[in-house]
Amino acid sequence: MKEFNTDYFYRETGLDEDIYLYQKGSHGHAYKFMGAHTVQNEEGQEAVSFCVWAPNAKYVNLIGDFNDWNEYDLPLKRINDSDIWNICVYGIKQFDAYKYRIVSPWDEIRYKADPFAFHAEERPKSASKVFDIEGFKWSDKRWLNKREKSNLYNEPMSIYEVNLSSWKRKEDGCPYSYVELADELVDYVKEMGYTHVELMPVMEHPYDGSWGYQVTGYFAPTSRFGTPKDFMYLINAFHKKNIGVILDWIPSHFCKDDFGLARFDGANCYEPADQYRAENEQWGTLNFDYGKTEVVNFLISNALYWHEYYHIDGIRVDAVAYMIYLDFTGKEIRNPDGSNDNKDAISFLKKLNTAVYERFPKTMMIAEESTAWPLVTMPVENGGLGFSYKWNMGWMHDILKYMEMDPIFRKDHHEALTFTMTYAFSENYILPFSHDEVVHMKGSMIGKMPGSYEEQFASLRLLYAYMYAHPGKKLMFMGDEIAQFDEWNEWDQLTWEVLDYDSHKQFKKYVSDLNEFYRKEKTLYAIDTSYAGFNWVDLANRDESVIAFERIDQEGNELLCIFNFTPVERKSYPIGVKEKGNYSIKFNTDMKKYGGRLARNKPCRSKEEPLGDRDYRIEIDLPPLSALYLFHKKPATAAKKKTAAKKKAAAKK
């Protein structure tokens, strides 16, 4: 390092390999030298080094609190004639705000936040802040050890999707901070029995109404709720309660706000040079250019950063379909051979998943992909995109359309219940009822249900029971668990006041019990990705809109799941079963404690009368708009009876 004066110096040595790897697109730790970092000069004096990629810039200056925002006295210099600029400045303090003053090739001046900043000013201010990301004292080792030993495909996963600013607010209307959410939200998610939370984007963004999907600070958790270490505190609190944390992530597009990535150095830098390809009219944003190795490196290192510094358990990648098709929104863009696949984006996704799994093999990479693109969850080495899970959008659209129609017409749409099993194991799926289904005049989940007030609640209990029995992991948006009638409003908290009414209080209890049953019952999750875990029992009764199937675990245990999708009670409904004996109802959506009609469940005994391909049958009363989960109670062996007798005797002592 060569010192120029008492105020600043440049890093002229020691960064050659970093710059080479970054410009090649292979620097997994780019966040450790790009942006603002404490360094020492040759005499051991501390300064803050600022590195920024600006290939088209004519000049770059650093401006900030530390120099009274003077536009000229802190000029950056290209490092060894590369596209990365640097300056090291003495006397900078934690939380000092700063920006880059960039002069374009056409002498246009732009004032830009740092793309690699760890912290940012709170809106409406837009500068980056110097922040030391190191040194948080984690206490989640038990969780991390458990995660390392887990097989996520064979374990329960029930996800609670949350928007932090509108989940719950204080009396004055202000949202809770990260630290306050570590008490309020974490305890609530634990009480409700979810295994994971998925946080809608927490990366810094200027506009609340974007829900976080238009990002300006990819490396900075939003300052709306506190500092980066406050956010670490929240994740640590989740982990201590055995709750995993998934982050929404947006590598497809970024917002046009002038202080962000848009035309960063005066030219199209992070976006494609071709403005037609750069423009994202659907969201009024700009697309990333996956053909630039530096852009690819920026995004991949960002995904790794959230894992390394925040201990996250997974990433849900937004808008994958938009990325992999050149013409997804109707644009006339084709490859020279006439195909419409975005080869650069596909290469990026494969490289992303490969890099993340090399470093963090037990994480989840989840694709929000809404088309029939093949092999989304197949490993890259086998020709796939390499994700661990894909949202099952087809199932979600079909079942919601089915549930919204008057039950009298459901017999004509029975395939909405059965077709799903023709592709249920073609990918590793998550079944989502996300925020997108309760906004923009789509109605709340309870509001989608037809019929009387009581029938709406019964229908929603039925829908959730069907979801939890269906193969695939589960995702539910906040507010769905209390059956709020209002659509989600990002400007206000959930309508918690509905819990003053018995129907909503009982429904909350229902979701909590359903989560508990799901977590404990291996048949519902142990084989989620193969037909070995599923068997149809009754799929053809379209006239009565009844279906039944079995879920099966690795030991061969079977859970019989029966669903009545009409408001008509089916007395003594026959179901074929394999074995002789008693069948007990383990879960019933029509119990009084949930707002239903039944005080207790009656067991039923099989009859030696064949039905379908089964040697026996049971006859069971199916309440209207209900779901039942049943077990065959196998006769105890002599050894089991002896063990039970010993336990009973020991208990009496």
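A cavity here is a set of points, on a 1 Å grid over the protein atoms alone, where a 1.4 Å probe fits but cannot get out. Grid points are joined across faces, edges and corners, and a volume is the space filled by probe spheres set on the points. Lining residues have an atom within 4 Å of a point.

The model is predicted: local features need pLDDT of at least 70 and side-chain atom pairs count only at pLDDT 80 or more, while totals for chains, interfaces and linings use all residues. Residues are numbered from 1 along each chain as its sequence is written, and side-chain values use heavy atoms, with hydrogens and water left out.

**Cavities**

By this rule there are three cavities of 30 Å³ or more. The table covers the largest and the second largest; in the lining classes, Ala, Val, Leu, Ile, Met, Phe, Trp, Tyr, Cys and Pro count as nonpolar, Asp, Glu, Lys and Arg as charged, and the others, Gly among them, as polar.

| Cavity | Volume | Lining | Lining classes |
|---|---|---|---|
| Largest | about 140 Å³ | 15 residues | six nonpolar, five polar, four charged |
| Second largest | about 70 Å³ | 14 residues | eight nonpolar, three polar, three charged |

Nearest the centre of the largest cavity lie Asn-163, Ser-165, Pro-201, His-205 and Phe-225. For the second largest cavity, the closest lining residues are Ser-444, Met-445, Gly-479, Asp-480 and Gln-484.

**Cores**

A nonpolar core is a set of buried (under 20% relative accessible area, 1.4 Å probe, protein chains only) Ala, Val, Leu, Ile, Met, Phe, Trp, Tyr and Cys residues joined through side-chain atoms within 4.5 Å. The largest has 191 residues, and Tyr-464 is one of those with the most contacts inside it. Beyond four places in sequence, Tyr-464 is in contact (heavy atoms within 4.5 Å) with residues including Met-445 and Asp-480. Another core, of 16 residues, lies apart from the largest and includes Ile-562 and Tyr-583.

**Leu-349 and an aromatic pair**

Leu-349 is in helix α8 (helices are DSSP runs of H or I, at least four residues, numbered from the N terminus). Leu-349 is buried, with a relative accessible area of 0%. Leaving out residues up to four places away in sequence, Leu-349 touches Val-320, Met-323, Ile-324, Leu-385 and Phe-387.

The structure holds 73 aromatic pairs (rings of Phe, Tyr and Trp, the last by its six-membered ring, with centres within 6.5 Å). Tyr-325 and Trp-373 have ring centres 5.3 Å apart and planes at 85°, so the pair is edge-to-face (over 60 degrees). Both residues, Tyr-325 and Trp-373, are buried.

Key
Buried means under 20% relative accessible area, exposed over 50%, partly exposed in between (1.4 Å probe, protein chains only). On a 1 Å grid over the protein atoms alone, a cavity is a set of points where a 1.4 Å probe fits but cannot get out, and a pocket is an open set with protein on both sides within 12 Å along at least five of seven lines; lining residues have an atom within 4 Å of a point. Rings of Phe, Tyr and Trp (its six-membered ring) pair if their centres lie within 6.5 Å; planes under 30 degrees apart count as stacked, over 60 as edge-to-face and the rest as tilted. Helices (H or I, at least four residues) and strands (E, at least two) are DSSP runs, numbered from the N terminus.
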